[in-house]
Amino acid sequence: MGKRRAERELLRNLSKKQKKHLREFGEEHPFHDKCYTRVFPFQSENSDKSSAESDSEPEAEQVSVYHKLLATLKTSPESESEEEEDESESEETEESEAETDSEGSEEMGEAEGGEEDKNEVPEQKETADATEQTLGQEQADGADTSCDPSHEVIEEFTDVKHESEFSLETNFMEEESGDCDADKRDSNSSQASSEDPFKQHMDKELEEKEVEKMSTLPKTSSQSKWPRLGQLTFSSTLEKRKTLKADKEVDLKQLYLHKPLESTWPKVNKQFLSSMNKPSNPSFTPLQRELFCIMNTYRDLFYPERNALTNGEEIRHVYCLHVLNHVLKANAQVLSNNAKRRDQKPGRDNDDYRDQGLTRPKVLMVVPFRECALRIVHILISLLEVNEKRKIDVSNKKRFKGEFGSDPEEKPPNLRRPEDYEAVFAGNIDDHFRIGVAILQRSMRLYAPFYSSDIIIASPLGMRTVIGAEGEKKRDFDFLSSIEILVIDQADIYLMQNWEHVLHLIKHINLLPLESHGVDFSRVRMLNLNNWSKYYRQTLLFSALQDPQINSIFNRHCFNYVGQVAVRNVPLSGSISHVVVQLPHVFRRLEAENVTSAIETRFQFFINKVLPEYRDAIMSHTLIYVPSYFDYVRLRNYFKKEDLNFTHICEYTKKAGVCRARRFFLKGEKQFLLFTERFHFYKRYMIKGIRNLIFYELPTYSHFYSEICNMMKATDSGADATWTCTVLYSKYDAQKLAAVVGIDRTAQMLQSKKDVHLFVTGEN
């Protein structure tokens, strides 16, 4: 009786969710511990030690306790019944929380929009929602986080069970059947080794003169036109390299793919090839073939024509192939050298085995939503599974699906949105996450600690909370010191979130680590020791549009010694051709000396020349489309000061406020409606009653122009009603202007320096 009473006491000390987690995973989940307010979403200061070392004594004691509890749950009938009751209660609690979260997601885009503009308004959303997400997500990065030593120590989930299995230092190539012989054959063939793009790129030793040249001299560029990608711009600081030519056909053997990928890639990519009548290549679509041809040379790549409806998944598959190929080759090289070092005679020079960075993570993949991370992991798993009989071992897969998957029933019924909206916001659209992935031989480890991971998949916000800000005591970015491939997918969405997070992340990549983190310096490449990692890093940037801020990332923060390739196609016909209502468009040009002064110039031009024309009561039902939240706040304050009859909708407006504003505007009770771009991006509501339309600035997405204009067809008006559309632009809006009216009209408008009147009949 005394023993059973003691066991019950142990169970009572656990929360309901801890009991459920204990039953499912066999170890403690720290989400709801008493020390919860002390947990931080980043690596501890002592994280330079390997996970095996940190788990030696304290972890052994803790595991034994919970194994004892787990055995108690399995052997005690009374405890089992108590656990079942707690689990059912916990499930009911989670369901109620899920309903609450679902209702919250229906609010004003605060689940998405409130997170993105950190520097624009106080982040009440981030304080409320992100606190719980941050704590729960700490398992995702596997951080070894603990409370203050004076308090109860709570260890973070570090997957101790699989630590030794995925350690590069303690494994050898012989353990992977078949690949050892393949690696030996490759090493014996000097020709194969010299022609492998991975070997050529990573084994290249730069000289100090070349590094100085890349830091000071401008880049030289050349143009080329490819059948599928179109107009390409090749740029490099070093000697002019041979311009790439698009291969009409690609032999998988010539691509130097790692052994399993040669057989798995055609099967995984079959879904895209089946849609083509006569594929010219049995393994790649034309777009994939040309993209991979560039990726495989380790040049930086900027592709601004990614479309979630058409080619989004094609692109995701091909960069996953390149990333996995790089990781498998890098790990195979380390494992092979482990075996050579083990068999070598004592006293031999070890300088021949420099095959690692200062930290293990090699690839950083930045994606906007959890659904994107889920699809990437599924692609990586598919590429590693040779056939159905040879499934790879994926640790923590069930937990990953639970945290990154989505429930189809959560989607509100009868919700009609454009196709591109459905494609972008499919699945779990939480934008605060990060997860480490370790790949070794035939196994994959999800939720690996960052310093034991090969690939890190994260959102900009998820990385920002780890990196922290200058002056904070708890921050960590050493794991980004040796990133060799940086993938930034769907970069245009970050413009709708918080672009500052992306810039903050870029600035902390490839810096020298502050601590050693248990690295063997005899195995570290000289390029890492010389702090030249950024000159070897390949950046793959994919976006749905060209924007000055995205271009700045590619032009100012990419230093690859091999060079850069950017797709620079100009739009022949703009989105104005998709306007279906008969509407006169007036493009009013404002003159600004530079980009910074354009903000003030635009405001003064609007309040002095444009707004007076619409103050008359005749010009009612005027919607003012404002892309920037800063401009929106400024206009809102000015309208209040001038006591104008207006209402406003932004991404932070609550649902009731949106309904009131739409009703007032439709009935004409409010003459003006201030309307932000980010609200339209996240909600896509139909605004009825528009008769006059003012674009304070050209929209970021060109198709938003036609969408807003076409809202006028939902307006019931008499035959004598007149509709107007006014657009403000400057010479610094050339890219946005070309996407709306086409390149030919843009050239004419920029040369004329006068207001331009266009009339769209709905046919052109």
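The following exchange goes through how some labels on this predicted model are reached.

Trainee: What are the ground rules for this model?
Mentor: This is a predicted model, in which local features need pLDDT of at least 70, side-chain atom pairs count only at pLDDT 80 or more, and totals for chains, interfaces and linings use all residues. Residues are numbered from 1 along each chain as its sequence is written, and side-chain values use heavy atoms, with hydrogens and water left out.

Trainee: How many helices and strands are in the chain?
Mentor: The chain has 30 helices and 18 strands. Helices (H or I, at least four residues) and strands (E, at least two) are DSSP runs, numbered from the N terminus.

Trainee: Why is Lys-736 called buried?
Mentor: Buried means under 20% relative accessible area, exposed means over 50%, and partly exposed is in between (1.4 Å probe, protein chains only). Lys-736 has a relative accessible area of 16%, so it is buried.

Trainee: Where does Lys-736 lie, and what is it in contact with?
Mentor: Lys-736 lies in helix 29, residues 734–741. Contact means heavy atoms within 4.5 Å. Leaving aside neighbours within four places in sequence, the contacts of Lys-736 are Asp-547, Glu-697, Leu-698, Pro-699 and Thr-700. The buried residues of helix 29 are Lys-736, Leu-737, Ala-738, Val-740 and Val-741. Gly-742 follows helix 29 and has a positive phi, near 95 degrees.

Trainee: Which residues that are not glycine have a positive phi?
Mentor: Among them are His-517, at about 55 degrees, and Asn-531, at about 60 degrees. His-517 sits in the loop between helix 21 and helix 22, while Asn-531 is in the loop between helix 22 and strand 10 (538–542).

Trainee: Is each of them buried or partly exposed?
Mentor: His-517 is at 12% relative accessibility and therefore counts as buried. Asn-531 is at 34%, so it counts as partly exposed.

Trainee: What makes the nonpolar surface patch that includes Phe-521?
Mentor: Phe-521, Met-526 and Leu-529 make it, with an area of about 260 Å². Patches are made of residues with over 30% relative accessible area and no salt bridge; like charges are joined within 9 Å, and nonpolar side chains (Val, Leu, Ile, Met, Phe, Trp, Tyr) within 5 Å. A salt bridge is a side-chain nitrogen of Lys or Arg within 4 Å of a carboxyl oxygen of Asp or Glu. The areas come from the Shrake-Rupley method with a 1.4 Å probe, and for residues only the protein chains shown count as cover.

Trainee: Why does Phe-521 count as partly exposed?
Mentor: Its relative accessibility is 44%, so Phe-521 counts as partly exposed.

Trainee: Where is Phe-521, and what does it touch?
Mentor: Phe-521 is in the loop between helix 21 (499–507) and helix 22 (526–529). Not counting residues up to four places away in sequence, Phe-521 touches Arg-354, Leu-358, Ser-516 and Leu-529. Phe-521 and Gly-357 are 164 residues apart in sequence, with 9.0 Å from C-alpha to C-alpha.

Trainee: Why is there no bond between the sulfurs of Cys-709 and Cys-725?
Mentor: A disulfide is a pair of cysteine sulfur atoms within 2.5 Å. The closest cysteine sulfur to that of Cys-709 is in Cys-725, at 4.2 Å, which is too far for a bond. The structure holds zero disulfides.

Trainee: Which of Cys-709 and Cys-659 is buried, and which is partly exposed?
Mentor: Cys-709 is at 0% relative accessibility and so counts as buried. Cys-659 is at 40%, so it counts as partly exposed.

Trainee: How do you know that Gln-671 is buried, and what lies 3.4 Å from its side chain?
Mentor: Gln-671 is at 11% relative accessibility, so it counts as buried. The backbone oxygen of Met-619 lies 3.4 Å from a polar atom of the Gln-671 side chain. Gln-671 is found in the loop between helix 26 (655–667) and strand 15 (672–676). Its contacts, leaving aside neighbours within four places in sequence, include Tyr-614, Asp-616, Asn-645 and Phe-665.

Trainee: Why is helix 14 described as largely enclosed?
Mentor: Nine of the 10 residues of helix 14 (residues 286–295) are buried, so the rest of the structure largely encloses it. Among those buried are Arg-289, Glu-290 and Cys-293.

Trainee: What share of the chain is buried?
Mentor: Buried residues make up 55% of the 764 residues.

Technical notes. A polar contact is a pair of N or O atoms within 3.5 Å; within protein, one must be able to donate a hydrogen and the other to accept it, and residues adjacent in sequence count only if both atoms are side-chain atoms.
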